[in-house]
Amino acid sequence: MRKPILAGNWKMNKTVAEAAALVTAMREGLVAIPGVEKVLCPPFMAIPEVARLVAGTEIRVGAQDMYWEPSGAYTGEVSPVMVKEFCDYVIIGHSERREHFGETDATVNRKIKAAFAHGLTPIVCVGESLALRREGRTETWVSDQVKAALEGLSAEQVASLVIAYEPIWAIGTGLAATAEEAERVCGQVVRATVAELYGAAVAEAVRIQYGGSVKASNIAELMRQPNIDGALVGGASLSAEEFVAIVRYSAEAKGLA
Ligand code: PGA
């Protein structure tokens, strides 16, 4: 049985004071929900404060990105050693990083390896653009992204990571994939690709999230799908009430609450 995992990706939102207020508003509500892993991914500046505020609870903290070198002359970058001081998770290869900051399958793969080398669990993002979808290339694109991301990883590493399937056309648009569509790609493409590369046991263990316009009103149907183990939530994770509801409905949909 895979433990569901709900992660809030705050993107470039919230000052330290605002982040503290948001965590304080959602902390009790999140802690009360059984059986589901909860991860908050604030911007770097707010990570220490958020980590301090959730210390002693089962809420985990994640970074939204990092560099792969442990230290050195890399102006502006944040290293895995620094992330590990506060975080258990790190989002790698979000489509916004790929689109605006030149991330490639190769840099994504290096960052995933660096995450494992430093005891962090990567949340690896994959997903197709609207153009690729219209051309009917979703399956090959997503499968190729998964293969490139996992290149050179051990079976044990792959079994422990999280893959977020986030169709780019669904991110921040209010147009979430239907539960059937999300289930099909998460199961028949992402999990099937892991099975092809690492076998059935590893594919059964890997946790797969859906991301893209997840809200309290659509999460239950998504989470009722057998191959969807959680969600990576952007905009809706900036509201304490909405994010707590998303986590609660997820637990209920999986029969845990
Ligand atoms: P969204 O973002 O929930 O605002 O669509 C999801 C994401 O980019 O992780």
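This is a short walk through the structure above, from its ligand to some of its helices and loops.

The model is predicted, so a little care comes first: local features need pLDDT of at least 70, side-chain atom pairs count only at pLDDT 80 or more, and totals for chains, interfaces and linings use all residues. Residues are numbered from 1 along each chain as its sequence is written, and side-chain values use heavy atoms, with hydrogens and water left out.

Let's begin at the ligand. There are 13 residues around the ligand, and K11, H94, E166, G172 and S213 come nearest. Here a residue is near a molecule or strand if one of its heavy atoms lies within 4 Å of it. The shell is made up of four nonpolar, seven polar and two charged residues. In this scheme Ala, Val, Leu, Ile, Met, Phe, Trp, Tyr, Cys and Pro are nonpolar, Asp, Glu, Lys and Arg are charged, and the others, Gly among them, are polar.

Which atoms of H94, G172 and S213 reach the ligand? In H94, an N or O atom of the side chain is 2.6 Å from an oxygen atom of the ligand. In G172, by contrast, the partner is a backbone N or O atom, 2.6 Å from a ligand oxygen. S213 also uses a backbone N or O atom, 2.7 Å from an oxygen atom of the ligand. The ligand exposes 280 Å² when taken alone, and the protein buries 95% of that; such areas come from the Shrake-Rupley method with a 1.4 Å probe, and for residues only the protein chains shown count as cover.

K11, one of the residues that come nearest to the ligand, leads us into the next region. K11 sits in the loop between β1 (5-9) and α1; helices (H or I, at least four residues) and strands (E, at least two) are DSSP runs, numbered from the N terminus. The phi angle of K11 is near 50°, a positive value in a residue other than glycine. K14 lies in the loop between β1 and α1 as well, and its phi, near 90°, is again positive in a residue other than glycine. Is K14 buried or exposed? With 30% relative accessibility, K14 counts as partly exposed, where buried means under 20% relative accessible area, exposed over 50%, and partly exposed in between (1.4 Å probe, protein chains only).

After this loop comes helix α1, residues 16-31. At 1.5 Å a residue, its 16 residues should span 22 Å, and its end C-alpha atoms are 21 Å apart, which agrees; the expected span is 1.5 Å times one less than the number of residues. The helix has a kink of about 30°, centred on A25, the bend being the angle between axes fitted to the seven residues ending there and the seven starting there. Buried residues in α1 include A19, A20, L22, V23, M26 and L30.

Two further helices round off the tour. L53 belongs to helix α2, residues 47-54, and is buried at a relative accessible area of 15%. V50 is also in α2, and counts as buried at 0% relative accessibility. V189 is placed in helix α9, residues 179-198, and it is buried, with a relative accessible area of 5%.

Finally, look at the segment before β1, where K3 is found. K3 and G230 are 227 residues apart in sequence, and their C-alpha atoms are 8.7 Å apart in space.

Methods: A polar contact is a pair of N or O atoms within 3.5 Å; within protein, one must be able to donate a hydrogen and the other to accept it, and residues adjacent in sequence count only if both atoms are side-chain atoms.
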